[in-house]
Structures are given as structure tokens and as C-alpha cells.
Amino acid sequence: LGILQLNNPSALNALTLDMVRSLNHILPQWQSEKSLRATLMIGSNECRRPAFCSGGDVRAVYDAGIQRTNGEKHGWGKKGLATADFFREEYTLNHRIATQSTTKPQVSLWDGIVMGGGVGLSIHGKYRIATENTLFAMPETGIGLFPDVGGMYWLSRLKGGLGKYIALTGCRLKADDLLYAGIATHFVPSNKLEDLKAALVEATDSTEEGDCVASVLMSFHEKPSLSASFLEKHRTNIDANFGKDKSSVEEIIESLKSEGENKFGQETISSLSKMSPTSLKVTLEGVKRGATLSNIAEVLKMEYRMSQGFMRAANSDFYEGIRALLVDKDRNPKWNPAMLEEVTDDMVESFFQELGDENELILEEDEGTEGEQSKL
């Protein structure tokens, strides 16, 4: 059993570029090591609150992009710039995890916060274990970005309107929601995780052929003793307002308004009104395009272009969102454009434009492998 521990406790195990590079260095070795039967990804237990990984180190990306020294041209995938290197190397890691053989599965223990980049490290692996401490979200539309790290792949493949709802609102999900949506594969109480780890070590020492951890995980799996899933409770509303027939953010909002005094509709409109209008429109377009792409590699290449679109202008919503959340911490971003109707189709299309052959995301393409099955 190869154990990968995310060790950045002062930042709730936020994923730095150095961490990405370490994982990109060791994983290929482990994936080709015949004696290794499975990988286990966990977060440091020294955080101030339970955390698997609170997301990518977007502050470092912000710092690099906002300074723009020596006439640097950000937003076009140029190697050597943190605004390109971080996303390129992170997405390479996401692809590496996604295409790991299903007979050498990755198990991720979501015991605490799982957001953004932390989702990308784990959701493409075969097994995702939730606990009563799990708090899962893709909150990127609230910081002027989009749910990346393969989000356009798996969100577009959730049933009904769940994917659009999660992507646009950045809603926070707990274990019961994750099991209901098929995002988590198992629930194990946090006080049993040490026993689970020991059982995984023992199972991977066996000579049994194939996936040797599946039965262990099922033996620890329990039904969470939590309230009814929010997603399940509001599934009818979610499908009615975020379903396939709603092709624009404006349509979604008008649909929510038509519900009148409905609490779900009002709260969802309130959430969407706080998000970057540009992020909302680019995200919805990304989800629609992601649904038409055949594999995770194609989606990540599209997402790399999208990420660079958000890095391009020094006054983009990404830099404003990070300023408001992490720099000045006033939590009052001034989005530009400020209104949905001001975000034109041409503006959205610019986030999907080609970067030039030398600057596109290049992956170790093995798109027909069985590893393609180890995703949602």
C-alpha cells in the first residue's frame, strides 16, 4: 500500500505547486511498481480542523499574475509563469490519477474539508470515502474562476440537474449528499479510519489477484447517521431549474424566480447573485462542452484553455475574487462585468480559444485504458 499524505496543515492542506510536483514525481513510479497493490491518499491530521485538502494554492497564482513584472504575458499557457505552470502541472496530475489502473486503485479518505484542488486529487480515483466530518464543495464561481481539475468531466455526468447546480452555486455537501449523488463511494465513521488503514495494509499484503481493497471497504461501509440529504430533498427543484432544458444562466434564474416564495428558489438566487457573472457563464458553457467530450484528457485540455482565460487580464474576476477573499478579506468583490447580461457570447468564447501548439496542455495520452473507468 502506497500512502500519500498531504502535509500543509497551516493552510488546511492546500495544494501547492511543490506538492503537485512531488506527487507527479512519485506516482508514475508507484503506478508501474508491480508489488504495489493500491494507493491511499490522506490529509495531515495536524490541521486546526479536519481537512483532506482545502483546494489549490490560488494565492500564489494570484501573486504571480497580479505583479506582471518584466512585461510577462499571462493567460496564454507560457511555461515558466506560475499562472500557467500551476494549472498545467496540476491537470497533468489529475490525468495521471484518473488513468491509474482499476486493479491498483486509489483510495481517498475525505475526513474533513474537500474543496477545489483537493477534489481533483481524489474524485478521479476509484474509491472516495466520506465521514461525518466531510465538507465538500467546488466554490470557484465565487472567486472568479470555474470548477476545474476535471470538474467539467464529472459534473456534466451527474444525473439530472445536479451537476449544473453544484457547479454554479458552489454548494457545500456532506456525506449523505455525496453518497446520494454518487460522488462518494463509501461512508466510514472517522473513529474507524485507523482500523480501516490497518485493514488496507493487510489486504494489500495478500496475493489475491485484482482489486484487493474492494471487500475491505465494503466491510467498513456504513449508512451515515445524518439528516436526509439536501440534494435528495430538493432533487425535484434542482432538476426543474438546472436540467438539460436550461441552456443559459439567465434561463436558470428566471426559472427559479417563477417558483415565487419557494425557499429553495430564493436561497439559490441569492447564492448565484454573489458569484462572478463571467464565471457563471463560462462554467455553464464548460459543463455543456464537457458532456460532449469522450474522456478526461480532452476535458482537461479544454479546462487548461479556460484557466488561462481567467489569468489573461490583470483586472479579471479571478484576481478580484482572490483579492476580496484572501488578500483584503473584505468579501466584497467588484465583478467586471457586474451583470449577467453584460457577459456576451464572444466574451465566453474567448475562454475556450486555442493557446498555440507550444502552449497547449500536453498529456501522456493513454485514453483507452481501463483506468478511464475509475471515475464517476
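**Entry 1: Phe-136**

I started at Phe-136 and listed its contacts, skipping neighbours within four places in sequence. Phe-136 is in contact with Trp-110, Val-114, Val-119, Ile-123, Trp-154, Cys-171, Arg-172, Leu-173, Leu-178 and Ile-183. I note here that the model is predicted.

**Entry 2: nonpolar cores**

Next I looked up the largest nonpolar core, which holds 85 residues. Phe-136, Trp-154, Ile-166, Ile-183 and Phe-318 touch the most other members of this core. I then asked which helix gives the most to this core. Helix 15, residues 296-311, does so with 9 residues. I also found another core lying apart from the largest one, with 18 residues. Its members include Leu-196, Ala-199, Val-216 and Phe-220.

**Entry 3: Met-138**

I moved on to Met-138, which sits in the loop between strand 7 (135-137) and helix 5 (151-154). Is Met-138 buried or exposed? Its relative accessibility is 0%, so I entered Met-138 as buried. With residues up to four places away in sequence left out, Met-138 touches Gly-116, Val-119, Pro-147, Asp-148, Val-149, Trp-154, Ile-166, Ala-167 and Gly-170. I also checked the pair Met-138 and Ala-184: they are 46 residues apart in sequence, and their C-alpha atoms are 14 Å apart in space.

**Entry 4: Asn-94**

I found Asn-94 in helix 3, which covers residues 82-98. The relative accessibility of Asn-94 is 1%, so this residue counts as buried too, the cut-off being under 20%. Apart from neighbours within four places in sequence, Asn-94 is in contact with Gly-120, Leu-121, His-124, Val-149 and Leu-300. Val-149 is on the contact list of Asn-94 and on that of Met-138.

**Entry 5: the whole chain**

I closed with totals. The secondary structure comes to 17 helices and 8 strands. The radius of gyration is 20 Å and the globule rule gives 21 Å for 376 residues, so I recorded the chain as being as compact as a globular protein of that length. The C-alpha trace spans about 60 × 55 × 40 Å along its principal axes. I counted contacts between residues at least 6 apart in sequence, and 75% of them join residues at least 24 apart.

Of the 376 residues, 56% count as buried. The accessible surface comes to about 16000 Å², and carbon and sulfur atoms account for 48% of that. For charge, I noted 41 positive and 54 negative side chains. The centres of these two sets lie 2 Å apart.

Key:
Residues are numbered from 1 along each chain as its sequence is written. This is a predicted model: local features need pLDDT of at least 70, side-chain atom pairs count only at pLDDT 80 or more; totals for chains, interfaces and linings use all residues. Side-chain values use heavy atoms; hydrogens and water are left out. Helices (H or I, at least four residues) and strands (E, at least two) are DSSP runs, numbered from the N terminus. The radius of gyration is taken over C-alpha atoms; the globule rule is 2.2 Å times the number of residues to the power 0.38. Buried means under 20% relative accessible area, exposed over 50%, partly exposed in between (1.4 Å probe, protein chains only). Contact means heavy atoms within 4.5 Å. Accessible areas come from the Shrake-Rupley method with a 1.4 Å probe; for residues, only the protein chains shown count as cover. Lys and Arg count as positive and Asp and Glu as negative; His and the chain ends are not counted. The place of a charge is taken as NZ of Lys, CZ of Arg, CG of Asp or CD of Glu. A nonpolar core is a set of buried Ala, Val, Leu, Ile, Met, Phe, Trp, Tyr and Cys residues joined through side-chain atoms within 4.5 Å.
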